[in-house]
Amino acid sequence: MEADASTPTVRATVVQASSVFYDTPATLDKAERLLAEATGEGSQLVVFPEAFIGGYPRGSTFGSSIGNRTQKGREEFRKYHAAAVDVPGPEVDRLAAMAGKYKVYLVMGVIERDGYTLYCTVLFFDSQGHYLGKHRKIMPTARERTVWGFGDGSTVPVFETPIGKLGAVICWENRMPLLRTAIYSKGVEIYCAPTADAPETWQATMKHIALEGGCFVLSVNQFCRRKDYPPPPEYTFSGTEDDLTPDSVVCPGGSVIISPLGTVLAGPNYDGEALLSADLDLREIAQAKFDFDVVGHYSRPEVLSLTVRDHPTKAVSFTSASTKT
């Protein structure tokens, strides 16, 4: 299903705001306040940052080094694990209810708890209050790998909705050409990019993806000050703590919305917590694809091809001999 031609404009908002670290109920309350504000301005789609529910543990080492863990780091992981959410679970139910209450499509970054493994995950909800599904980050970056598991090809969805085909790729996954190609092949039209990357170089990546994919790109990051995290010694920014004050900016945002033709529609914003909104004219997708359709007329499948393994991978499987009676 292509975007609904009878309603070609979608009002979208990205929410540049910080979590309440280690306090998931308070973060959910904050999310609802911001969602209400966005929908009060007419938004039909609202996208939150990477790890908004559960928190992005910026600056933390979790007391780990090669061949060693500290007891403080283990305790830090325990608290981080406790702040994560089960999918399905009560927090997911509340997010679904929020989407239904405000009649909005909701894309939310969470830390997902699956047993004792955590995943950096994006959850999708429709405007009727239904949970649609999730994307687990398939490649955590740098030290993220010590606290997050790796997603697989079974959670790389693009959802067909009345406001367009909706998908998400998280942070530096966006620099993985093969993953982007898989998303493009599913026809993504509104490409959400929750991130923790704030440097200006990120803007080049986002503009490239909009042009490459012929899609709207909605990139959203948290804006955080030191005081948005617990104070030391409970939480320590490795290597920089002595230089920080409570008001020091530790993540400056940089959220942005870009059209399929590479036009910046909103942002980038580095000034503080903010709602950035834009009207997405979905007719622009076809205009952009006329120039360049990366998995259509500009592909060369007889030369270049990609195989995506989209089945779940499991550490343990059981086979039992059949018993004849």
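Which residue does K101 meet in a salt bridge? In this predicted model, the partner is E32, and the two side chains come together with an N to O distance of 3.2 Å. The pairing ties together distant parts of the chain: K101 sits in helix α3 (residues 90-102) and E32 in helix α1 (residues 24-40), 69 residues apart. The two ends of the bridge differ in their surroundings. K101 counts as exposed because its relative accessibility is 54%, whereas E32, with a relative accessible area of 16%, is buried. Nor does the pair stand alone, as K101 and E32 belong to a network of salt bridges that also takes in D29 and R94.

Searching the whole structure turns up 20 salt bridges, and a couple of others are worth a look. One of them joins D86 to R113, with 3.1 Å between the closest N and O atoms. Again, distant parts of the chain are linked: D86 lies in the loop between α2 (71-83) and α3, R113 lies in strand β5 (residues 105-114), and 27 residues separate them. Here D86 is partly exposed, at 29% relative accessibility, while R113 is buried, with a relative accessible area of 16%. Another bridge is formed by R300 and E302, whose closest N and O atoms are 2.4 Å apart. R300 comes out as partly exposed at 46% relative accessibility, and E302 as exposed, with a relative accessible area of 56%.

Away from the charged pairs, S219 gives a view of a buried site. This serine is part of strand β11 (residues 216-221), and it is classed as buried because its relative accessible area is 1%, against a cut-off of 20%. Its side chain makes a polar contact with the side chain of W202, at 2.9 Å. Setting aside neighbours within four places in sequence, the residues in contact with S219 are V14, A193, T195, W202, M206, S255 and V256. W202 therefore turns up both in that contact list and as the polar partner of S219.

The surface has a nonpolar side too. L178, L306 and V308 make up a nonpolar patch of about 260 Å². Of these, L178 is located in helix α4 (residues 177-185) and is exposed, with a relative accessible area of 57%.

As for annotation, an unreviewed UniProt entry places the feature "domain: CN hydrolase" at residues 10-282. Across that stretch, the chain is 24% helix and 31% strand, and the C-alpha atoms at its two ends are 7 Å apart.

Notes. Residues numbered from 1 in each chain as written. Predicted model: local features only at pLDDT ≥ 70, side-chain atom pairs only at ≥ 80, totals over all residues. Heavy atoms only, no water. Patch = residues over 30% accessible without salt bridge, like charges linked within 9 Å, V, L, I, M, F, W, Y side chains within 5 Å. Areas by Shrake-Rupley, 256 points an atom, 1.4 Å probe, with all protein chains shown as cover. Salt bridge = Lys/Arg side-chain N within 4 Å of Asp/Glu carboxyl O. Helix = DSSP H or I, 4+ residues; strand = E, 2+ residues; numbered from the N terminus. Buried < 20%, exposed > 50% of the residue type's maximum accessible area, 1.4 Å probe, protein only. Polar contact = N/O pair within 3.5 Å; in protein donor to acceptor, adjacent residues only side chain to side chain. Contact = heavy atoms within 4.5 Å. UniProt positions renumbered as here; feature names shortened; annotations may be inferred.
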